[in-house]
Amino acid sequence: MQQDYYKEYYDLERNHWWFVAREKIISNYVKKLIRDKHLPEKEIKILNVGCGPGRSSQYLSKFSKVTSIEYDKECCEFASEKTGLEIINGSITQLPFSDKSFDLVCAFDVIEHVEDDQLAVNEMKRVVKEDGVIFITVPAFMSLWSHHDVINHHFRRYKLPEVKKLFQLKSDGKMIFSSYFNTFLFPPIYFFRKLSNLFKTGEKRAGSGSDFEAFKPGILNNILFAIMHFETKFINKNISFPFGVSILYTWKRHK
C-alpha cells in the first residue's frame with residue numbers, strides 16, 4: 001500500500017459501498033459459523049491478520065476479543081492512534097504467536113499482497129487451534145487486473161481452485177465453504193476495468209489511481225451497497241456463486 005493511501009482507506013472502509021457490503025457479508029458469515037457450531041458462542045480467540053486501518057478488527061470485536069496484526073508500520077501506528085486498538089506490527093509469513101493459539105484466524109484481502117502465499121496460509125494454519133477456523137477473502141480473476149491492483153501492491157488475483165490448493169496441500173483440515181462473491185456487479189466492474197486498462201485512466205488520475213478514488217457518497221453508493229449486500233442471503237444458505245469479483249473461503253482444522 002502506498003504511503004498515505006491507508007489514510008484514504010480509513011474513511012473508505014467506513015463509507016464506500018464495497019467495504020461496507022463486504023463488512024456485512026463477513027459479519028453475517030461469522031454469525032453463521034457460530035450458529036452452525038464451527039465456533040464457540042463465547043470467548044472466541046480471534047486473530048485478524050492485515051487489519052489495515054482497523055475497521056475489520058472493530059466489527060470482529062462484536063463477537064469477542066480480537067488480536068490485530070498489521071505489516072505496514074506507519075499504517076499500524078496510524079490505525080492505533082485513530083481507533084484506540086492495540087495493533088501488533090508483524091508479518092503474516094512469521095506470525096509472533098504460539099502454535100494453536102486462536103479459534104478464528106481472519107485475513108481479509110491480505111494474501112494477495114504476499115509473494116509467498118503458501119507460507120502465509122501455512123502460518124495461519126499453524127496458529128489456529130484444533131477444530132478452529134480460518135476465514136479469508138481474496139480478489140478474483142487475473143482478467144480483472146488493473147492499475148487498482150498495482151496501487152494496492154497485489155501479486156495476483158485468484159481463481160477458486162487456486163485458493164483450495166493452498167489449503168489442501170496437507171490433509172490437516174477441511175473446507176467449510178467457498179464461493180465467489182460480488183457476483184451481480186461483476187459485468188460492469190469487468191468492463192470498467194477493461195476500459196480503464198485500455199485508456200490507462202487509473203494512471204492518469206490526480207490521486208492514487210485506485211478504483212476507490214472515484215467514491216462519492218450518495219444514492220449510487222447506496223444502490224451498489226444494496227446489490228452486493230443482497231448476496232449475503234445466498235452465502236448464508238451455503239449457495240456458492242460460480243464467479244465474482246472476490247472469493248470467500250473458510251477452512252476448519254482437524255482435531
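This section describes selected helices, loops, charged pairs and cysteines of the structure, which is a predicted model.

Helix α2 spans residues 17-35 and contains 19 residues. From its first C-alpha to its last, the helix reaches 27 Å, close to the 27 Å expected at 1.5 Å a residue. Helix α2 is mostly covered, with 16 of its 19 residues buried. Just after α2, K37 adopts a positive phi of about 65°. A further positive value is found in the loop between α2 and β1 (46-49), where E43 is placed; the phi of E43 is near 55°, and E43 is a residue other than glycine. Such values merit mention because most residues other than glycine have a negative phi. E43 counts as exposed, since its relative accessibility is 71%.

N182 also has a positive phi, of about 55°, although N182 is not a glycine. This residue belongs to the loop between β6 (173-181) and α8 (186-199). In contrast to the exposed E43, N182 is buried, with a relative accessible area of 0%.

N182 is also one of the contacts of E231, when neighbours of E231 within four places in sequence are left aside. The other residues in contact with E231 on this basis are F181, T183, F184 and F241. E231 itself is located in the loop between α10 (219-229) and α11 (232-235). The relative accessible area of E231 is 0%, so E231 is classed as buried. The C-alpha atom of E231 is separated by 27 Å from that of D117, and the two residues are 114 residues apart along the chain.

The loop between α10 and α11 also holds F230. Unlike the buried E231, F230 is partly exposed, with a relative accessible area of 38%. F230 takes part in a nonpolar patch on the surface, together with F184, I219, L220, I223 and I227. The accessible area of these residues together is about 570 Å². F184 thus appears in two settings, as a member of the patch and as a contact of E231.

Charged side chains were examined next. Side chains of opposite charge can pair when their charged atoms come close. In this model the count comes to 13 salt bridges. One of them joins the side chains of R14 and E13, with a distance of 3.6 Å from N to O. R14 counts as partly exposed because its relative accessibility is 23%, whereas E13 is buried at a relative accessible area of 7%.

A second pair is formed by D103 and K129, whose side chains meet in a salt bridge at 3.6 Å, N to O. D103 lies in strand β4 (residues 102-108) and K129 in strand β5 (residues 128-139), so this pair ties together parts that are 26 residues apart in sequence. D103 is buried, with a relative accessible area of 12%, while K129 has a relative accessibility of 25% and counts as partly exposed.

The side chains of R156 and D117 likewise meet in a salt bridge, again at 3.6 Å from N to O. R156 is located in the loop between α6 (147-151) and α7 (160-167), and D117 is in helix α5 (residues 117-127); the pair therefore ties together parts that are 39 residues apart in sequence. Both partners, R156 and D117, are buried. Elsewhere, D99, E123 and R126 are joined into one network by salt bridges that share partners.

The cysteines were considered last. A disulfide is a covalent bond between the sulfur atoms of two cysteines. The count of disulfides in the model comes to zero. C75 is in no disulfide, and the nearest cysteine sulfur, that of C51, is 6.9 Å away. This separation does not meet the criterion, because a disulfide requires a pair of cysteine sulfur atoms within 2.5 Å. C106 is also in no disulfide; its nearest cysteine sulfur is again that of C51, at 12 Å. Both cysteines are covered by the protein: C75 counts as buried at 1% relative accessibility, and C106 is buried with a relative accessible area of 0%.

Terms used: Residues are numbered from 1 along each chain as its sequence is written. This is a predicted model: local features need pLDDT of at least 70, side-chain atom pairs count only at pLDDT 80 or more; totals for chains, interfaces and linings use all residues. Side-chain values use heavy atoms; hydrogens and water are left out. Buried means under 20% relative accessible area, exposed over 50%, partly exposed in between (1.4 Å probe, protein chains only). Helices (H or I, at least four residues) and strands (E, at least two) are DSSP runs, numbered from the N terminus. Contact means heavy atoms within 4.5 Å. The expected span of a helix is 1.5 Å times one less than its number of residues. Patches are made of residues with over 30% relative accessible area and no salt bridge: like charges are joined within 9 Å, nonpolar side chains (Val, Leu, Ile, Met, Phe, Trp, Tyr) within 5 Å. Accessible areas come from the Shrake-Rupley method with a 1.4 Å probe; for residues, only the protein chains shown count as cover. A salt bridge is a side-chain nitrogen of Lys or Arg within 4 Å of a carboxyl oxygen of Asp or Glu.
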